[in-house]
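Reader: Hi! I'm new to looking at protein models. Could you walk me through this one?

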Amino acid sequence: MADLFHEMLNPPSPADHRPNDNNTRPDPVALGYLSTLASMPLSQLESSEQQSLAQSSHSLLLSLQALSKRSHKSIISSAANHSHLRTTLPILASSAADLTSAIPKLDHEALHFSTTYHKSGDNEMLNARKRALLLSKNVGRLVDVLDLPTLLSTAITTGSSSPAANYASALDLNGHIRRLHGLYADSPLVTSVSAQADVAMQAMAKNLVTSLRAPGLKLASALRTISWLRRVVPDLDSAGAAGNGGGLGALFLVCRLSTLINMLAALEPLRELAEQERIRQQQNPTGSAWSGGQQTERYLKRYVEIFREQSFAIVSMFRSIFPVPVNEASSRTGNQDPLQPIPSAMSTFPFHLVEMLMETLRTYLPTVKDQPSRDSLLTQVLYCAGSLGRLGGDFGILLATLDVGDEAEDEWVEVVKRHRLMLADLIFVHFAPPCRRRWAQAAFHFLAGLGSGTFGAVLLQPFDLLKTRVQQSGSHSIRAAVRDIAKSPNALAAFWRGTIPSALRTGVGSAIYFTTLNVIRQRATALSFATVPVTDPRHSSSSLPKLSNTANLVAGAFARAFAGFILMPLTVIKVRYESNLYSYKSIAGAARDIYKTERIPGFFAGFGATAIRDAPYAGLYVVSYEQFKKRLSSWHFPSSPVSQGKSGAGMGSSLSATINFSSGALAGATCSFISNPFDAVKTRIQLQPREYRNMIQACRKMVTEEGVRSLYDGLALRMTRKAMSSALAWMLYEELVRRAETALHRGDARGHV
């Protein structure tokens with residue numbers, strides 16, 4: 001049945017009839033479907049089968065549309081490629097035939113190449129390629145070698161900012177280049193690099209020589225520079241090992257001499273003024289008051305100062321850089337060679353320096369007519385000679401050849417005598433052991449302060465006792481205080497009540513104060529702004545340093561504050577022991593009671609007021625004392641500034657003691673009046689610490705309750721006591737110190753000269 005349906009639905013066409021086509025069979029799928037249709041009832045065929053066929057047809061249509069959309073490009077491309085196969089396949093066959101014929105030729109050429117360029121063969125092209133390959137492998141190393149001159153030049157150029165590191169690197173790089181040149185002497189590349197390194201090292205040598213001419217050259221820098229020059233220019237140091245410096249030593253001296261000449265050339269404006277002054281004196285021998293050589297003095301002082309500093313620095317640096325070996329003398333004596341080593345350049349260099357100075361002095365010193373100025377210049381020249389004398393170049397004897405005029409010969413002799421006395425002082429300072437010098441100076445300043453303070457405290461204790469009683473009572477009456485003390489069973493002893501703590505406090509305080517003050521003033525003399533010109537040493541009443549008013553103010557205030565802090569416990573004990581508010585039987589009992597009731601702070605009660613009172617008082621006192629001494633001395637002698645620093649002692653002892661005593665009394669009275677309010681407040685705090693707690697509160701309470709006059713209680717007594725005690729203390733201290741210094745220096749000078 002299915003077959004019949006198939007034939008009915010798909011009748012065969014005439015074109016489909018082929019001869020001998022007996023094996024043609026219908027589609028099994030179609031037959032299967034037709035069989036299914038045959039088995040279905042007619043109602044189903046009329047209803048559901050038509051819908052099923054429509055759905056299947058629609059699904060197939062959609063599938064065909066999707067397939068055509070998805071694969072149409074591939075199908076078109078495949079069809080195009082298939083159409084090209086007809087032309088491509090013949091071309092491929094022809095190329096395959098050509099390759100088959102070319103393979104034997106390729107095999108023949110390969111065999112010929114392997115035979116021609118084999119490693120065992122000698123071929124110029126192959127060798128060139130080998131060299132090119134070696135060059136490509138070592139191109140980094142060659143670049144490093146080519147960079148060596150650049151690195152060397154950079155290290156030398158930047159050596160001015162950090163010479164220690166950069167010059168050392170430059171020397172290492174130069175050493176490396178030298179080793180390369182020794183290993184590869186025939187290499188043009190290494191030869192070129194070595195030539196560039198030589199140019200760079202010449203620039204380094206110029207820089208080093210320039211650094212030796214620096215004005216502020218220090219020993220450490222000079223040692224480094226010379227060590228680098230020894231490596232850069234070894235030929236200059238051929239005789240350096242012998243201790244005479246050789247060419248390198250001569251180069252050092254020439255550079256430093258050039259620096260000295262340049263520094264002296266900077267004084268050309270002063271030299272021109274001095275030259276004009278000299279010519280004016282030659283044209284007008286009588287001259288005027290202004291033609292006494294002031295401009296020449298300025299020029300010569302600066303000239304000698306620069307010469308002294310630089311000449312000493314040159315010689316001392318040369319000896320440190322080029323030391324003479326210890327065994328040189330013995331080797332010279334045992335050497336019988338008639339051609340002795342060339343002497344050191346230093347053996348004749350000092351003569352050249354001295355001749356420069358002497359020529360200047362011969363030209364311009366006679367122009368200076370003022371006696372103090374000429375004395376100052378000659379003393380400065382003698383100091384210069386002594387400075388070089390420490391290094392074996394003393395030219396003091398040559399100064400005798402200077403023509404200072406017939407009328408000035410006695411003056412020249414006096415200057416030399418004074419210089420010898422100063423030289424004795426310098427010998428003492430130089431040769432005495434440091435410990436001995438320090439202890440000797442501290443000892444006589446301490447003992448002088450202790451003696452002067454103790455003597456003044458014992459002698460003036462009644463005034464201090466009356467001052468304490470008046471300030472304590474607030475009655476402002478000295479007579480009432482005297483009558484109250486006189487009522488004691490032993491009136492004489494009552495007036496000296498508290499002498500022991502007062503003497504201890506004042507004596508030890510003066511010792512500490514004067515010692516500290518001397519140390520501060522000695523240190524201050526090294527500062528140019530702290531010193532002032534002083535009068536002729538022979539017209540001075542003191543052997544202490546001369547400082548400016550500001551330096552004296554600061555030194556006195558600091559020394560007094562320091563001594564006051566150390567002795568504050570003794571001050572508190574002394575004030576309470578003198579007062580009748582406390583019935584202390586002994587000093588030890590007073591100390592125990594203070595510690596028991598107030599502990600350690602009780603011993604420092606009133607320190608603030610004491611410091612504010614004493615520090616300004618001491619500073620003002622030192623300033624006033626020095627000014628009064630200066631004024632009183634000027635009444636007896638005219639002043640002429642000649643020097644700075646310490647003054648000598650040339651005034652008679654009686655006159656100097658009178659001036660010092662008067663100056664101390666005037667300064668003490670003046671400063672006591674200024675600082676008395678602080679003393680009154682301090683006394684109230686120390687006597688009644690519970691009622692008067694601090695300085696501000698005590699001052700306000702005293703002014704409110706008793707008036708401003710309470711701040712000046714005991715003023716007359718304090719002014720009298722301070723004036724007398726200060727005058728005695730400073731007079732004794734000055735005289736003891738001056739005599740002790742003179743005796744000590746002369747004794748040590750005799751021991752060394």
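Author: Happy to; below we chat through the overall make-up, the cavities, the cores and a few single residues. Keep in mind that this is a predicted model.

Reader: Thanks! How many helices and strands are there in the protein?

Author: The protein has 28 helices and two strands.

Reader: And what share of the residues counts as buried?

Author: Of its 753 residues, 39% are classed as buried. The accessible surface adds up to about 43,100 Å², and carbon and sulfur atoms own 62% of that area.

Reader: What about contacts along the chain, which separations matter there?

Author: Take the contacts between residues with a separation of 6 or more: 78% of them join residues 24 or more positions apart.

Reader: OK, new topic. How many cavities does a search of the whole structure find?

Author: The search turns up two cavities of 30 Å³ or more. The largest cavity holds about 590 Å³ of space. It is lined by 34 residues, and those closest to its centre are R505, T506, R560, R721 and K722.

Reader: How do you even look for empty space like that?

Author: A probe the size of a water molecule is rolled over the atoms, and that shows where empty space is left.

Reader: Neat. Which helix gives the most to the lining of the largest cavity?

Author: That is α28, with seven residues. Several helices supply at least two lining residues each, among them α17 (434–459), α21 (499–524), α22 (549–566) and α26 (653–687).

Reader: How do the lining residues of the largest cavity divide by class?

Author: There are 12 charged, 11 polar and 11 nonpolar residues in that lining.

Reader: And what is the volume of the second largest cavity?

Author: The second largest cavity has about 40 Å³. Around it sit F514, L517, N518, R521, L544, P545 and Y733. Helix α21 provides the largest share of this lining, four residues. By class, five of the lining residues are nonpolar, one is polar and one is charged.

Reader: Let's switch to the cores. Which residues touch the most other members in the largest nonpolar core?

Author: Those are L152, M204 and F252, in a core of 66 residues. Helix α12, covering residues 294–321, contributes the most to this core, with 11 residues.

Reader: You mentioned M204. Which residues is M204 in contact with, leaving aside its neighbours within four places in sequence?

Author: With those neighbours set aside, M204 contacts I156, Y167, A170, L171 and V232. There is also a second, separate core of 20 residues, whose members include L544, V622, Y625 and V737. You have met L544 already, in the lining of the second largest cavity.

Reader: Oh nice, I'd spotted that name. Now some single residues: is K682 buried or exposed?

Author: K682 is buried, because its relative accessible area is 4% and the cut-off for buried is under 20%. This lysine is found in helix α26. K682 and A605 are 77 residues apart in sequence, yet their C-alpha atoms are 8.6 Å apart in space.

Reader: And where is D235?

Author: D235 is in the loop between α9 (219–232) and α10 (246–265). Its relative accessibility is 67%, so D235 counts as exposed, the cut-off being over 50%. Its C-alpha atom is separated by 9.6 Å from that of G246, 11 residues away along the chain.

Reader: Last one: why does G175 count as partly exposed?

Author: G175 has a relative accessible area of 22%, and partly exposed covers values between the buried limit of 20% and the exposed limit of 50%, so G175 belongs there. This glycine lies in helix α7, residues 163–183. From G175 to R231 there are 56 residues in sequence and 9.7 Å in space, C-alpha to C-alpha.

Reader: Great, thanks for the tour!

How values were computed:
Residues are numbered from 1 along each chain as its sequence is written. This is a predicted model: local features need pLDDT of at least 70, side-chain atom pairs count only at pLDDT 80 or more; totals for chains, interfaces and linings use all residues. Side-chain values use heavy atoms; hydrogens and water are left out. On a 1 Å grid over the protein atoms alone, a cavity is a set of points where a 1.4 Å probe fits but cannot get out, and a pocket is an open set with protein on both sides within 12 Å along at least five of seven lines; lining residues have an atom within 4 Å of a point. Grid points are joined across faces, edges and corners, and a volume is the space filled by probe spheres set on the points. Ala, Val, Leu, Ile, Met, Phe, Trp, Tyr, Cys and Pro count as nonpolar, Asp, Glu, Lys and Arg as charged, and the others, Gly among them, as polar. A nonpolar core is a set of buried Ala, Val, Leu, Ile, Met, Phe, Trp, Tyr and Cys residues joined through side-chain atoms within 4.5 Å. Buried means under 20% relative accessible area, exposed over 50%, partly exposed in between (1.4 Å probe, protein chains only). Contact means heavy atoms within 4.5 Å. Accessible areas come from the Shrake-Rupley method with a 1.4 Å probe; for residues, only the protein chains shown count as cover.
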